[in-house]
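Q: Please take one buried spot in this protein and look at it closely. Then go on to other parts in the same way, with the reasoning written out.

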Amino acid sequence: MKLSNYLIATLKEAPSDAETKSHQLMVRAGMIRKIAAGVYNFLPTGLRVFRKVENIIRDEMNKAGAIEVMMPFVTPADLWEKSGRWDIYGKELLRFKDRADRDFCLGPTHEEVVTDMVDREVKSYKNLPITIYQIQPKFRDEIRPRFGVMRAREFTMKDAYSFDVNELEAEKSYIKMFNAYKRIFERCGLTFKAVEADSGNIGGSFSHEFMVLAETGEDLVLSCNTCEFAANVETTGIKDVSIARNDKDFEPLAEVSTPKMTSVEEVSSFMNVSSEDIVKTLFLESDEELIAVLVRGDHELSLTKLKKFLGSDFLDLADNKVLKENNIVKGFCGPIGVNFKIYSDNSIKDLTNFITGANKDDYHCQGVNYDRDFLVESFGDFREAFDGDSCPIEGCTGSLESTRGIEVGHVFKLGTKYSESMNAKFTNQDGKEKNYYMGCYGIGVGRVVAAAVEQNNDENGIKFPTALAPFQVVIIPTEKTKGPALSKAEEIYDYLTNSSFEVALDDRQESPGVKFKDSELIGIPFQIRIGPKSLAKGVVELKNRLTGDILEFDQNDYDGIREKLNELF
């Protein structure tokens, strides 16, 4: 590609709303441009990288025996109603009506469509197992799209779905896809970790997320310093190490004036106690039922764990309107006197004479004790884990350490969740109808690109792994006009292009400094520099962007340049 005929859209400055390194650099490198909140154009350089990721994914999916299809982006409501997700998926599902007043949505994922498709086409165990995949745009109406293509509303996903005759065979398909994902991210040059995760709106019995490790990652990953355990902070289990309540006598229950003190830090400082002596009361709506949940002052509630414990389709913090309607005072919430079920984290079991809100403006209660002052419906593991917690694996004595990560892939074991709800069946070897056992497997293509940028950059720009770089080599003549340097550059360009390298020739009428800066910003791993001074010495220079090393070659040693590039790739 001669860059005089190419769209180079680099910028000196990143937009003010670009928070993460990947967002800043992808805009500055001319890879993406926002046209609406969470909706982006991919410019030529960005699309080249995007296609590299797609090709790696497609290659590994095909090697794993998956079959590529294309399903519609627009999907009818009746399929979602069959699965039961039309009403519970939430506001991320962008719904609309066509001119005949029929309900449709933009597909955020395709479990319903693929289940219907396979049920129509695959009726016998003889045609199983089968894994279907596609690489296609998706839309999720995120409440707060951010971080560029990391959390966009419109994005491209590789989604795959496996169908098997029983649970044992479904686990084999799951493992096959799990290993294919590892190969994909290894080929993309990423440092990643596979962690246990929550299945969320997709559902299913268990799942794993593939996390690219990066300081700017949205997710917190906890891993054991002794064994191989790793999980998302939302799902990491806590060993119940509760001991018998201490033998302190129950103190009298008393109200204490705490004017305008609504945080744990303010109350603990004012009352001269540890945050561990304070119990937070959170009110949540669970399937239209209001409940209270208690966690220790130094802990955070895990909505994921609580939702799973309750078996809720919907769970979220109650808003101010609901609190007021139920005479609950925000900032001073407490469990005493409430007429709702109260659930408590296991860490409260050991506590006596703790402090809670009084459900009264500017007041807290001290000397609070469960059983005497209120009743707990159930205790359970409802808090998020954190650094220093014990590893949840039985028999392991290790402790947990945290790192931040960017989710780039997610694999789910679905079981019969969708085949049962949609009455999708095949005929088994005994002639009986059975529901398919399913798995689903997703990779965010744009997220992989952004994660690669987060992991590979310096003060000059992007340092793409060679497998993802928009071009493998850029040839930079330092002359602006036709001369010996440009002529030699064109000869080497033709030779390397014919040798199957992806080569860019920067023949723009720009200064050498602009060409060098653009090359480094865009992330092209190798530069061949040709100028009057080097040609006077009879050499050309090869610079390795990833290491900074510069090698000299005889100006006519094209084979030597080719062999060195092959070695570096």
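A: Ser-419 is buried, because its relative accessible area is 0%, and the cut-off for buried is under 20%. The model is a predicted one. Ser-419 belongs to helix H9, which covers residues 417-421. Leaving out residues up to four places away in sequence, Ser-419 touches Thr-115, Ala-424, Asn-435, Tyr-436 and Met-438.

Thr-356 can be described in the same terms. Its relative accessible area is 0%, so Thr-356 is buried. Thr-356 sits in strand S18, residues 354-360. Not counting neighbours within four places in sequence, Thr-356 is in contact with Val-279, Cys-333, Gly-334, Pro-335, His-364, Cys-365 and Val-368. The C-alpha atoms of Thr-356 and Asn-369 are 9.9 Å apart, with their positions 13 residues apart in sequence.

Helix H1 (21-28) shows what can lie over buried residues. In H1, Ser-22, His-23, Leu-25, Met-26 and Val-27 are buried. Among the elements that cover them are strands S1 (32-36) and S2 (39-42), as well as helices H10 (445-455) and H12 (512-522). Just after H1 comes Gly-30, with a positive phi of about 70°.

Helix H5 can be followed in more detail. H5 has 21 residues, 167-187, and at 1.5 Å a residue these should span 30 Å; the end C-alpha atoms are 30 Å apart, so the two values agree. The buried residues of H5 are Ala-170, Ser-173, Tyr-174, Met-177, Phe-178, Ala-180, Tyr-181, Ile-184 and Phe-185. Viewed down the axis of H5, these buried residues fall within an arc of 165°, so they line one face of the helix. The spacing has a general background: an α-helix has 3.6 residues a turn, so residues three or four places apart point the same way. On the face of H5 turned away from the buried side are the exposed residues Leu-168 and Glu-186.

Both ends of H5 can be described too. The N-terminal end is capped by Asn-166, which has a side-chain oxygen 3.2 Å from the backbone nitrogen of Leu-168. After H5 comes Gly-189, whose phi is positive, near 75°.

Some of the buried residues of H5 also take part in ring contacts. Phe-178, Tyr-181 and Phe-185 form one aromatic cluster together with Phe-192 and Phe-210. A pair of aromatic rings is described by the distance of the centres and the angle of the planes.

With ring centres required to lie within 6.5 Å, the model has 21 aromatic pairs. One of them joins Tyr-6 and Phe-471: the centres are 5.6 Å apart and the planes stand at 75°, so the pair is edge-to-face. Tyr-6 is in the segment before H1, while Phe-471 is in the loop between strand S26 (461-462) and strand S27 (473-477), so the pair ties together parts 465 residues apart in sequence. Tyr-6 counts as buried because its relative accessibility is 14%, and Phe-471 is buried with a relative accessible area of 4%.

Trp-80 and Tyr-89 form another edge-to-face pair, 5.6 Å from centre to centre with 85° between the planes. Trp-80 counts as buried at 1% relative accessibility, and Tyr-89 counts as buried at 6%.

Charged side chains can also sit over rings. Arg-95 lies over the face of Trp-86, 4.9 Å from the ring centre. Lys-360 lies over the face of Tyr-363, 4.6 Å from the ring centre.

Key. Residues are numbered from 1 along each chain as its sequence is written. This is a predicted model: local features need pLDDT of at least 70, side-chain atom pairs count only at pLDDT 80 or more; totals for chains, interfaces and linings use all residues. Side-chain values use heavy atoms; hydrogens and water are left out. Helices (H or I, at least four residues) and strands (E, at least two) are DSSP runs, numbered from the N terminus. The expected span of a helix is 1.5 Å times one less than its number of residues. Buried means under 20% relative accessible area, exposed over 50%, partly exposed in between (1.4 Å probe, protein chains only). The arc is that of the directions from the helix axis to the C-beta atoms. A polar contact is a pair of N or O atoms within 3.5 Å; within protein, one must be able to donate a hydrogen and the other to accept it, and residues adjacent in sequence count only if both atoms are side-chain atoms. Rings of Phe, Tyr and Trp (its six-membered ring) pair if their centres lie within 6.5 Å; planes under 30 degrees apart count as stacked, over 60 as edge-to-face and the rest as tilted. A charge sits over a ring if NZ of Lys or CZ of Arg is within 6 Å of the ring centre and within 35 degrees of the ring normal. Contact means heavy atoms within 4.5 Å.
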